[in-house]
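Open the model in your viewer and keep a selection box at hand. We will walk from one stop to the next, picking residues as we go.

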Amino acid sequence: MFMAGTGVEVAFDVRKLLIEFYSNNIVHVEHVPDTSRRSKSCVVVVKPKDVEVLVNRINGCIAVSSKEMSVYVDAKNGVIEFRFGGLLVKEVSRKASKQNLYGDEFYTFEQVFEIEPGSGLYGLGQHARYSAHGVLICRNKMNKTIYLAQRNSDIAAPFLISHVGYGIL
């Protein structure tokens, strides 16, 4: 584990997990191959503020906390939990695959999150098969796979917002 400014870098087998607080209630979590260099983000353009971050080891987890939220990382498998007081979002699984298309190498990613019972998430763009105004994903109601690919009748927007106000980009 390596502490840097407003965040933490945790190494797992062939990958790294970077956790960086941008404010007391905004955290950027990034999974990168251990051999890659971190490049400037095209999506995250704001710079982190000076945030007091506490790092502790609790019951086999690394807890990285600000005044308002905590990120818990299982030290064995890298599974992440985001907490605002109680558990809000827990990563269930994650896959990364190296791909090659027309001579260009890139990674594809898949993440599965568990949210609190009764919680709803809105977003992911406009998809003709569901709604022209976004997608409601509510546990035990929809449970569908949505591919974030630009198509004739689909507009992909990789952002979710919950009915209680947290977002996932």
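## Stop one: a pair of serines

Select S65 and S70, and show their side chains: a polar contact of 2.7 Å joins them. Keep in mind throughout that this is a predicted model.

S65 is found in strand β6. Is S65 buried or exposed? With a relative accessible area of 13%, S65 falls under the 20% limit and therefore counts as buried. Now display what surrounds it: leaving out residues up to four places away in sequence, S65 touches F21, E52, V53, L54 and S70.

## Stop two: F21 and the core

From that set of neighbours, pick F21 next. Again setting aside residues up to four places away in sequence, F21 touches T6, I26, V27, P48, K49, V51, V53, V64, S65, S66, M69 and V71.

F21 also leads you into the largest nonpolar core, which has 23 residues. The residues with the most contacts inside this core are I19, F21 and V71. To see where the core comes from, colour the elements that give two or more residues to it: β2 (7-12), β3 (15-23), β6 (61-65), β7 (70-74), β8 (80-84), β9 (86-101) and β11 (120-127).

One of the neighbours of F21 is I26, so click on that residue now. I26 lies in strand β4 (residues 26-33). At 47% relative accessibility, I26 counts as partly exposed. Apart from neighbours within four places in sequence, I26 is in contact with E20, F21 and M69. Draw a C-alpha to C-alpha distance from I26 to M69: the two are 43 residues apart in sequence and 8.4 Å apart in space.

Try a second distance of that kind, from G7 to V64. These two are 57 residues apart in sequence, and their C-alpha atoms are 7.7 Å apart. G7 lies in strand β2 and is buried, with a relative accessible area of 3%.

## Stop three: the β5 and β6 hairpin

Return to β6 and add β5 (54-58) to the selection. The two strands pair in the antiparallel sense over five bridges. For one of the partnerships, look at N56, whose bridge partner in β6 is A63.

How many residues sit between the strands of this hairpin? There are two residues between β5 and β6. Centre the view on N59 in the turn, which has a positive phi of about 50°. Why pause here? Most residues other than glycine have a negative phi. N59 is not a glycine, yet its phi is positive. At 80% relative accessibility, N59 counts as exposed.

Y102 makes a good companion view. Its phi is also positive, at about 55°, although Y102 is not a glycine. Y102 lies in the loop between β9 and β10 (104-115), and at 79% relative accessibility it counts as exposed.

## Stop four: β7, β8 and the charged side chains

Next, select β7 and β8, which pair in the antiparallel sense over four bridges. Their hairpin has five residues between the strands, and G78 takes a positive phi near 80° there. You have met S70 already; here S70 stands opposite R83 in β8.

Show the side chain of R83 and follow it to E81. R83 forms a salt bridge with E81, the closest N and O atoms being 2.5 Å apart. R83 is partly exposed, with a relative accessible area of 27%, whereas E81 counts as buried at 16% relative accessibility. E81 also forms a salt bridge with K90, where the closest N and O atoms are 3.9 Å apart. K90 counts as partly exposed at 30% relative accessibility.

A search of the whole structure finds three salt bridges. For another of them, select E105 and K98, whose closest N and O atoms are 3.6 Å apart. E105 is exposed, with a relative accessible area of 55%, and K98 is exposed too, at 52%. Elsewhere, shared partners join E81, R83 and K90 into one salt-bridge network.

## Last stop: the whole protein

Zoom out and show everything. There are zero helices and 14 strands in the protein. Buried residues make up 33% of the 169 residues. Among contacts with a separation of 6 or more, residues 24 or more positions apart account for 37%. Finally, turn on the surface: the protein exposes about 11,400 Å², and carbon and sulfur atoms supply 52% of it.

Methods:
Residues are numbered from 1 along each chain as its sequence is written. This is a predicted model: local features need pLDDT of at least 70, side-chain atom pairs count only at pLDDT 80 or more; totals for chains, interfaces and linings use all residues. Side-chain values use heavy atoms; hydrogens and water are left out. A nonpolar core is a set of buried Ala, Val, Leu, Ile, Met, Phe, Trp, Tyr and Cys residues joined through side-chain atoms within 4.5 Å. Buried means under 20% relative accessible area, exposed over 50%, partly exposed in between (1.4 Å probe, protein chains only). Contact means heavy atoms within 4.5 Å. A polar contact is a pair of N or O atoms within 3.5 Å; within protein, one must be able to donate a hydrogen and the other to accept it, and residues adjacent in sequence count only if both atoms are side-chain atoms. Two strands pair if DSSP finds at least two bridges between them. Accessible areas come from the Shrake-Rupley method with a 1.4 Å probe; for residues, only the protein chains shown count as cover. A salt bridge is a side-chain nitrogen of Lys or Arg within 4 Å of a carboxyl oxygen of Asp or Glu.
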